[in-house]
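Reader: I should be grateful for a close look at a single part of this model, taking one internal space and the elements around it. Please describe the part in a connected way.

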Amino acid sequence: MKLATTTSDFGSYRSCDADRIRELHRAGFRYIDLSMYSLSPASPLMQDDWKEEVKLLKATAEELGMEFVQAHAPGTNFLSPKVTDHAFLQKSVIRSIQVCGALGIPNNVLHFGWAKGLSKKESFERNRDYCRKFLPAAEECGVNILTENSCAVNMGEMYYPNSAKDILEFLEYIDHPLVHVCWDTGHANCEGSQYDEIVKLGKELYAIHYNDNYGLSDAHTMPYCGTLNNDEILTALIDAGYKGCFTLECGAHLRRAGSWPHKRRPFERDTRLLNPPLHLKQMDEVLLYETAKHILSAYDLFEA
């Protein structure tokens, strides 16, 4: 498998830039998951000359011998009452699909919506309508839209497909050849065993987000920093016939102050230790790469 990681490493979920690509390359990575999770009106990719920014990203990757293999669309919950500019949200998701098309990225992970009081049927209906807004762009650009599993600790009493059964039912409801699945191992670790879940997804599993936690919260830590059973996941991916990339979504393991999911308490008298320095984050990124390489190599799956 190709070993990839997200450009949201080394910071927040803001859009990618050339410096981040170089940091991933320095750590050992050659395959890139482009995070467009938090596109804002000020983001370079949302400007009229966005194609120039894409050219820069592509040129940087090519210079370093790297390849974009996966992406994440804007993560805003369109059903949230906090969302007031639905026109921009729709534009940003379409732009993320266009960027994928320009960079040759086949799979773009999209968070669907959730809200209090929605039944499963109502959720399916609202999300099918939402998805249909993006299908023309996906068809034009040749990009798959991937939905992913969440977990009860994230959603509480609000409905969201957390199981393979519900996800497959949702795909059947949408009924489009460009809509498939990304499986998030950290979300699933908060639900319990996931071997059977992954195998059930079978041919619909187009991508993964590989991360760890203690099963109590969606922490997005690196493998071996939680309770995730790596043997279970690797065996499941093999038995499911998975052909996609091994894509890490561990965020920045050494997190800056104020970053999700746990904010560091401030201390007014001094801030010299508030944020980890770049050289420690670089060392941490190398450890992330070597850890994932070890996991894949143990099952003879690592692809240089």
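Author: The second largest cavity of this predicted model has a volume of about 40 Å³. A search of the whole structure finds 3 cavities of 30 Å³ or more. The lining of the second largest cavity is formed by Phe 112, Ser 123, Phe 124, Asn 127, Thr 147, Tyr 160, Pro 161 and Phe 170. By character, these lining residues comprise 5 nonpolar and 3 polar residues, with no charged ones. Helix H4 supplies the largest share of this lining, namely 3 residues.

The surroundings of the cavity lead to the packing of two helices. Helix H4 spans residues 120-132 and helix H7 spans residues 164-174; their axes come within 10 Å and cross at roughly 50 degrees. Because this angle falls neither under 35 degrees nor within 65 to 115 degrees, H4 is classed as oblique to H7. The crossing of H4 past H7 is right-handed. On the H4 side, the contact is made by Lys 120, Phe 124, Glu 125, Asn 127, Arg 128 and Cys 131, and on the H7 side by Lys 165, Asp 166, Glu 169, Phe 170, Tyr 173 and Ile 174. The residues of this contact divide into 6 charged, 5 nonpolar and 1 polar.

The cavity and the helix contact have residues in common. Phe 124 and Asn 127 of H4 take part in the contact with H7 and also line the second largest cavity. Phe 170 of H7 likewise belongs to the contact and to the cavity lining. Charged residues are present in the contact, whereas the lining of the cavity has none.

Conventions:
Residues are numbered from 1 along each chain as its sequence is written. This is a predicted model: local features need pLDDT of at least 70, side-chain atom pairs count only at pLDDT 80 or more; totals for chains, interfaces and linings use all residues. Side-chain values use heavy atoms; hydrogens and water are left out. Axes are lines fitted to C-alpha atoms, for helices over the stretch in contact, and angles run from 0 to 180 degrees between N-to-C directions. Helices (H or I, at least four residues) and strands (E, at least two) are DSSP runs, numbered from the N terminus. Angles under 35 degrees count as roughly parallel, over 145 as roughly antiparallel, 65 to 115 as roughly perpendicular and the rest as oblique. A crossing is left-handed if the near helix is turned anticlockwise from the far one by less than a right angle, and right-handed if clockwise. Contact means heavy atoms within 4.5 Å. Ala, Val, Leu, Ile, Met, Phe, Trp, Tyr, Cys and Pro count as nonpolar, Asp, Glu, Lys and Arg as charged, and the others, Gly among them, as polar. On a 1 Å grid over the protein atoms alone, a cavity is a set of points where a 1.4 Å probe fits but cannot get out, and a pocket is an open set with protein on both sides within 12 Å along at least five of seven lines; lining residues have an atom within 4 Å of a point. Grid points are joined across faces, edges and corners, and a volume is the space filled by probe spheres set on the points.
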